Amino acid sequence: MKKSIRIVVTAGPTREHLDPVRFLSNPSTGKMGFAIAAEAARRGHDVTLVAGPVSLETPRGVKRVDVVSAREMLAAAVEAVEASAASGGCAFIATAAVADWRPARCAARKLKKGSMSATLQLRRNPDVLKTVSRLARRLAPASFKLVGFAAETGDPVAEASRKCREKRLSFIVANDVTEKGCGFGTDTNRVVFVYPDGSERRFPLMSKRRVAANIIKEIEQC
Ligand code: PMT
């Protein structure tokens, strides 16, 4: 029987508010991340899903933590990974489309049009995956599997390969979000697994559920 792994998955977008009714975000629906969480739980793993604002039901057997912003996602991911590491290592799969920037200030009340500037001051958000990668190397270097996603436009592999090395991942799942049937909001995806040594494994267009199964199998084997 295969060993149960503790798996932490991030999914969906983040929202970076500039006031209670306005935010910066992106079109991620969470489908890819929720499919991974569902498949991992179905295969008997212990799954924590850190989800940005999406309207999907929690997959059966999955522990879910809802967050809104990148900083909240970071805090929830670190907490889940630390808890998993204490019991012997885990896998972290980052499918979330985390906003790289947030407004420098968030007003407590709705901004009046007349009082808003046409220029938005931004601050850099933390990189959730990079931070978890550093933490994993400190906590349990031998027993952590780190999997990123790379949302690219055009040939996804070169950029994905750079991100895989920079974030020190076990592998990265590259997808071209401009291709029909791929990326944001679709039920299918066409992905390439890219490894730190530059090698790759290409898949045809398939359901996100099958993509999820391939990712979980790869983690079980590596
Ligand atoms: O949710 P769906 O509608 O199903 O859409 C799926 C998807 C298109 C969102 C998914 O397949 C995908 O490509 N996810 C990654 C999106 C992304 O932000 O990619 P990136 O290349 O900008 O980031 C690279 C990696 O770093 C990702 O694993 C990302 O989660 C992580 N990251 C990025 C920025 C940041 N501040 N923190 C991060 O953790």
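Here is a short conversation about the ligand and its pocket in this predicted model.

Guide: Welcome! Residues are numbered from 1 along each chain as its sequence is written. In this predicted model, local features need pLDDT of at least 70, side-chain atom pairs count only at pLDDT 80 or more, and totals for chains, interfaces and linings use all residues, while side-chain values use heavy atoms, with hydrogens and water left out.

Visitor: How many residues surround the ligand?

Guide: A residue counts if one of its heavy atoms lies within 4 Å of the ligand. The closest include T29, A96 and K163, and the number of residues around the ligand is 28.

Visitor: Which element gives the most residues to the shell around the ligand?

Guide: Helices (H or I, at least four residues) and strands (E, at least two) are DSSP runs, numbered from the N terminus. With four residues in the shell, the top contributor is strand 9.

Visitor: How far is an oxygen atom of the ligand from a polar backbone atom of A96?

Guide: A polar contact here is a pair of N or O atoms within 3.5 Å. For K31, a polar backbone atom is 3.3 Å from a ligand oxygen, and for F149 a backbone N or O atom lies 3.0 Å from one. For A96, the distance is 2.6 Å.

Visitor: How much of the ligand's exposed area does the protein bury?

Guide: Accessible areas come from the Shrake-Rupley method with a 1.4 Å probe. Taken alone, the ligand exposes 770 Å², and the protein buries 95%.

Technical notes
Polar contact = N/O pair within 3.5 Å; in protein donor to acceptor, adjacent residues only side chain to side chain.
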